[in-house]
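Work through these exercises with the model on screen. Try each task before you read its solution.

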Amino acid sequence: MSKKDGMITDSIGEILKGIRCYFDKALPVMLLYKKERQQYHDTVKIDASPSTIYGAEHLLRLFVKLPELLAYVNIEEETSTRLQQKLLDFLKFLHKNQSTFFLSAYDVSKVSEVKVKAKD
């Protein structure tokens, strides 16, 4: 492995750490549907991070909010472009491996809740 490869691996590791940190902080505040909040309080204890409990479905909710969150981060344009490409690569990876990371069936009550909110 060359020095450049090591730097790329380090930067991907930092990005993944950042995604996990954003996820853990954002989940209880902005990523849960109303019906999921009680489950969160019942399930997540002080010593457990949400990223060890919640799955890819909730992670995608973070990606929807990420542009809004990253608007407050002061980074150079070149760094921002590289970050966006790495995040896109990550989403492509999730898509390619969706059968591994996503549930095969949705809870209908959650889907209907989203439809009701969309009508409001």
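**Exercise 1. Find how helices α3 and α4 are oriented to each other, and which residues join them.**

Solution. This model is predicted.
- Step 1: Locate the pair. Helix α3 covers residues 56-70, and helix α4 covers residues 77-96.
- Step 2: Take the axes. They come within 12 Å and cross at roughly 170 degrees.
- Step 3: Classify the angle. Angles over 145 degrees count as roughly antiparallel, so α3 is roughly antiparallel to α4.
- Step 4: List the contact. Helix α3 brings Leu-59, Leu-60, Phe-63, Leu-66 and Leu-70. Helix α4 brings Leu-83, Leu-87, Phe-90, Leu-91 and Leu-94.
- Step 5: Sort by class. The contact has 10 nonpolar residues, no polar ones and no charged ones.

**Exercise 2. Describe the largest nonpolar core and say which helices supply it.**

Solution.
- Step 1: Count. The largest nonpolar core has 20 residues.
- Step 2: Pick out the residues with the most contacts inside this core. They are Ile-19, Phe-23, Leu-27, Tyr-54, Leu-59, Leu-62 and Leu-87.
- Step 3: Assign helices. At least two core residues come from each of α1 (3-31), α3 and α4.
- Step 4: Recall the general trend. In soluble globular proteins, nonpolar side chains tend to be buried together.
- Step 5: Follow one core residue, Leu-27. Beyond its neighbours within four places in sequence, Leu-27 touches Leu-32, Tyr-40, Pro-50, Tyr-54 and His-58.

**Exercise 3. Decide whether Glu-36 and Arg-61 are buried or exposed, then find their partners.**

Solution.
- Step 1: Place both residues. Glu-36 sits in helix α2 (residues 34-43), and Arg-61 sits in helix α3.
- Step 2: Apply the cut-off. Buried means under 20% relative accessible area. Glu-36 has 2% relative accessibility, so this residue is buried. Arg-61 has 17%, so Arg-61 counts as buried too.
- Step 3: Look for a polar partner of Glu-36. Its side chain makes a polar contact of 3.1 Å with the side chain of His-58.
- Step 4: List the contacts of Arg-61, leaving aside neighbours within four places in sequence. They are Leu-31, Leu-32, Tyr-33 and Glu-36.
- Step 5: Check a distance. Arg-61 and Phe-23 are 38 residues apart along the chain, and their C-alpha atoms are separated by 9.3 Å.

**Exercise 4. Classify Ile-53 by accessibility and list its contacts.**

Solution.
- Step 1: Place the residue. Ile-53 lies in the loop between α2 and α3.
- Step 2: Compare with the cut-offs. Buried is under 20%, exposed is over 50%, and partly exposed is in between. Ile-53 has 36%, so Ile-53 is partly exposed.
- Step 3: Skip the neighbours within four places in sequence. Ile-53 then contacts Thr-43, Val-44 and Ala-48.
- Step 4: Check a distance. Ile-53 and Tyr-40 are 13 residues apart in sequence, and 9.6 Å apart from C-alpha to C-alpha.

**Exercise 5. Summarise the whole chain.**

Solution.
- Step 1: Count elements. There are 6 helices and 0 strands.
- Step 2: Check burial. Of the 120 residues, 23% count as buried.
- Step 3: Check contact range. Take contacts between residues at least 6 apart in sequence. Of these, 70% join residues at least 24 apart.

Notes. Residues numbered from 1 in each chain as written. Predicted model: local features only at pLDDT ≥ 70, side-chain atom pairs only at ≥ 80, totals over all residues. Heavy atoms only, no water. Axes fitted to C-alpha atoms, helices over the stretch in contact; angles between N-to-C directions. Helix = DSSP H or I, 4+ residues; strand = E, 2+ residues; numbered from the N terminus. Parallel < 35°, antiparallel > 145°, perpendicular 65-115°, else oblique. Contact = heavy atoms within 4.5 Å. Nonpolar A, V, L, I, M, F, W, Y, C, P; charged D, E, K, R; others polar. Core = buried A, V, L, I, M, F, W, Y, C linked by side-chain atoms within 4.5 Å. Buried < 20%, exposed > 50% of the residue type's maximum accessible area, 1.4 Å probe, protein only. Polar contact = N/O pair within 3.5 Å; in protein donor to acceptor, adjacent residues only side chain to side chain.
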